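Hi,

Here is the structure I said I would pass on. Have a look at it first, and my notes on what turned up are underneath.

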Amino acid sequence: MAKQIEVSGLDAYYGAHKAIEDITMTIEPRTVTAFIGPSGCGKSTFLRTLNRMHEVIPGARVEGKVRLEEQDLYGPDVDPVSVRRTIGMVFQRPNPFPTMSIYDNVAAGLRLNGRFSRSELDGIVESSLKGANLWNEVKDRLHKPGSGLSGGQQQRLCIARAIAVRPQVLLMDEPCSALDPISTLAIEDLISSLKTDYTIVIVTHNMQQAARVSDKTAFFNLAGQGQPGKLIEMDDTSRIFTNPGMKATEDYITGRFG
Amino acid sequence: MRRSAFRRSRGDAPFRLASTGAGVVLLAIMAAIGVFLVVKAIPALQANTSNFLTEKIWNPNAVEPAFGIGALAFGTVLSSFLALVIATPVAIGVALFISHYAPRRLAAVLGYVVDLLAAVPSVVYGLWGVVFLVPFMRGPSEFLNTYFAWIPIFGGDQVVGKSMLTASIVLAIMILPIIAAISREVFLQAPKTQEEAALALGATRWEMIRMSVLPFGRPGVISAAMLGLGRAMGETIAVALILPATFGISFEILGPNGNSIAANIANGFGEATAVGRGALIASGLVLFLITLVVNMAARLVIARRKEFARAA
Ligand SMILES: Nc1ncnc2c1ncn2[C@@H]1O[C@H](COP(=O)(O)OP(=O)(O)O)[C@@H](O)[C@H]1O
Ligand SMILES: [Mg+2]
């Protein structure tokens with residue numbers, strides 16, 4: 001199920017403003033890749049180019065290549081809708097559909113994809129909620145609104161919603177930044193267990209989190225205000241945190257700036 | 001002199017007085033108007049020789065006054081309801097097109113045009129209805145009557161241009177801009193986070209609208225529709241120009257039956273006797289009650305899904 005992503009020479013723009021420049025990297029299947037870097041360096045922007053969510057912002061566009069196992073995601077006859085069905089996303093702020101029940105939230109993506117019988121849906125909803133470590137907490141109130149859950153539960157509901165459609169890749173943009181420490185731990189555990197089935201990319205501003213959950217770490221930086229963000233280096237997480245190749249990485253990790 | 005740090009700020013008291021005063025004066029004026037209308041209506045209701053609620057004929061100027069709001073209330077509710085049924089889907093479509101489909105430049109122009117149309121005085125729509133739509137509707141009405149008479153509302157032996165259907169269409173066109181303008185505002189406020197949640201699941205734009213925008217906009221659209229319905233029920237001139245002004249209760253909307261409370265007031269006030277005026281005022285109070293009931297029903301509908309409507 002998990003697939004490799006290859007990015008080469010990727011630039012992303014907001015109108016005339018170039019937010020990221022010339023990014024080339026390979027994201028391995030069945031690993032957790034963390035993006036770190038000072039805020040405004042384009043981590044979210046880059047993440048959103050990977051499932052073609054960048055272009056939903058008016059005036060935003062992308063140049064360069066993103067390949068998912070040989071398939072060019074920006075090819076002329078690629079439908080961005082089907083890309084997004086293949087590469088799921090979890091956002092910084094939990095965003096369950098407030099008018100839907102917990103059950104309907106998880107089933108939302110499946111109902112887009114095709115016809116499922118009631119029992120099939122029941123099965124996938126249960127397994128997705130179990131996969132997101134939420135089943136025990138909500139199994140008695142599946143038909144209550146998702147907005148009644150705590151922040152951490154809502155974020156796990158969003159993860160359940162994303163994995164319900166069996167994506168090949170899961171992108172997470174600072175999924176714990178709005179959560180308390182206990183919910184954060186729950187999500188980190190979840191990321192480690194999801195790794196066996198999915199390629200996971202996580203943006204985080206929390207260095208310990210990157211060190212705890214990821215196998216690979218990519219460090220982004222920008223030369224100055226208004227300049228585009230760039231990939232400085234990418235390596236095994238253990239190496240980035242003990243013996244980084246670049247001075248800027250070391251400065252950032254040791255807290256000398258950023 | 002030392003001032004206390006917790007002293008009430010000086011601008012506060014006059015402002016509080018002014019706003020409370022304004023509120024009290026407003027309530028007092030409304031109460032006075034209400035009392036005045038009721039006082040004027042009572043003698044007419046006492047002089048009435050038939051049942052005010054069920055009588056269909058309006059004849060308050062006769063020596064033996066006989067009048068009732070049966071037909072008028074029916075015509076008011078039917079024409080407004082039909083107008084709402086015609087206008088709301090179109091208005092939602094227009095609003096969605098402006099908020100989520102049209103390119104930005106075109107959306108700005110269209111938004112402006114809709115706002116402009118919402119400000120056109122209703123007499124203009126009424127005149128357009130009489131001059132253009134009444135003659136125009138004869139053909140389509142005959143067609144509906146010939147081929148769709150099995151649908152009860154299109155049945156009946158008589159087909160005219162000045163029909164309930166024509167009046168409803170004019171009302172629909174009249175209330176469409178206001179419903180569209182408000183719905184557009186509401187749809188534009190749908191949270192981007194919800195829209196992105198749907199898109200990231202692989203929703204097409206229409207699926208995204210169904211999952212995020214419409215549920216979010218539902219209470220606002222209902223409010224907009226109710227505002228439109230209120231306008232349609234209170235509309236005087238446009239309806240007075242078009243409705244045949246006969247007193248009857250019939251669901252056959254192509255036929256020559258139809259009148260409304262507001263139109264009847266406009267048509268009858270000039271030549272009314274004292275009792276006649278009181279009767280018209282009484283009918284106005286009934287219109288007010290109907291509007292009130294409709295609005296409360298709308299609030300109930302909006303409140304019913306509160307638990308689910310709390311936006312995250
Ligand atoms: N919707 C947007 N419109 C215009 N510019 C944006 C938008 N989102 C982000 N940017 C700009 O792109 C740059 C990168 O932002 P972002 O990707 O959010 O950085 P990060 O996630 O690393 O904090 C910043 O300069 C930011 O101002
Ligand atoms: Mg970000």
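**Chain B and its two domains**

The domain assignment splits chain B into domain 1, residues 12-47, and domain 2, residues 66-309. Before you go further, please keep in mind that this is a predicted model. The C-alpha centres of domain 1 and domain 2 of chain B are 30 Å apart. The two do touch: seven residues of domain 1 of chain B are in contact with seven residues of domain 2 of chain B. On the domain 1 side of that contact, six residues are nonpolar, one is charged and none is polar.

As for the fold, chain B has twelve helices and two strands. Going along the sequence, the order is α-β-β-α-α-α-α-α-α-α-α-α-α-α, which puts both strands after the opening helix and ahead of the other helices. Along the principal axes, the C-alpha atoms of chain B fill a box of roughly 75 × 70 × 35 Å. Chain B has 312 residues, and 39% of them count as buried. If you take the contacts in chain B with a separation of 6 or more, 73% are between residues 24 or more positions apart.

**How confident the predictor is**

Chain B has an average pLDDT of 89, and 95% of its residues score at least 70. As a general caution, predicted coordinates should not be read in detail where pLDDT is low. For the complex, the predictor gives an ipTM of 0.93 and a pTM of 0.86.

**Chain A**

Chain A has a different make-up, so here it is on its own terms. Its secondary structure comes to ten helices and ten strands. Chain A has a radius of gyration of 18 Å, close to the 18 Å the globule rule gives for 258 residues, so chain A is as compact as a globular protein of that length. The C-alpha trace of chain A spans about 55 × 45 × 30 Å along its principal axes. Of its 258 residues, 47% count as buried. Among the contacts in chain A between residues at least 6 apart in sequence, 68% join residues at least 24 apart.

**Where the chains meet**

Which parts of chain B supply at least two residues each to the side that touches chain A? To set the scene, the contact involves 21 residues from chain B and 25 residues from chain A. On chain B, the elements that each supply at least two residues are α7 (192-200), α8 (205-234) and α12 (306-309). Of these, α7(B) gives the most, with six residues. Sorted by class, the side of chain B that touches chain A has eleven nonpolar, five polar and five charged residues.

**The ligand**

Ligand 1 is surrounded by residues of chain A: A:Y14, A:H17, A:A19, A:G37, A:S39, A:G40, A:C41, A:G42, A:K43, A:S44, A:T45 and A:I57. Two elements of chain A give two or more residues to this shell, namely β2 (17-27) and α1 (43-49). The largest share comes from α1(A), with three residues. What mix of classes does the shell around ligand 1 have? Seven of its residues are polar, four are nonpolar and one is charged.

Shout if you would like to go through any of this together.

Cheers

Key: Residues are numbered from 1 along each chain as its sequence is written. Chains are lettered from A and ligands numbered from 1 in the order in which they are written. This is a predicted model: local features need pLDDT of at least 70, side-chain atom pairs count only at pLDDT 80 or more; totals for chains, interfaces and linings use all residues. Domain bounds come from an automatic or database domain assignment. Ala, Val, Leu, Ile, Met, Phe, Trp, Tyr, Cys and Pro count as nonpolar, Asp, Glu, Lys and Arg as charged, and the others, Gly among them, as polar. pLDDT is the predictor's confidence in each residue, from 0 to 100. Helices (H or I, at least four residues) and strands (E, at least two) are DSSP runs, numbered from the N terminus. A residue is near a molecule or strand if its C-beta atom, placed from the backbone, lies within 6 Å of it. The radius of gyration is taken over C-alpha atoms; the globule rule is 2.2 Å times the number of residues to the power 0.38. A residue is buried if 20 or more other C-beta atoms lie within 10 Å of its own, exposed if 12 or fewer, and partly exposed in between; C-beta atoms are placed from the backbone.
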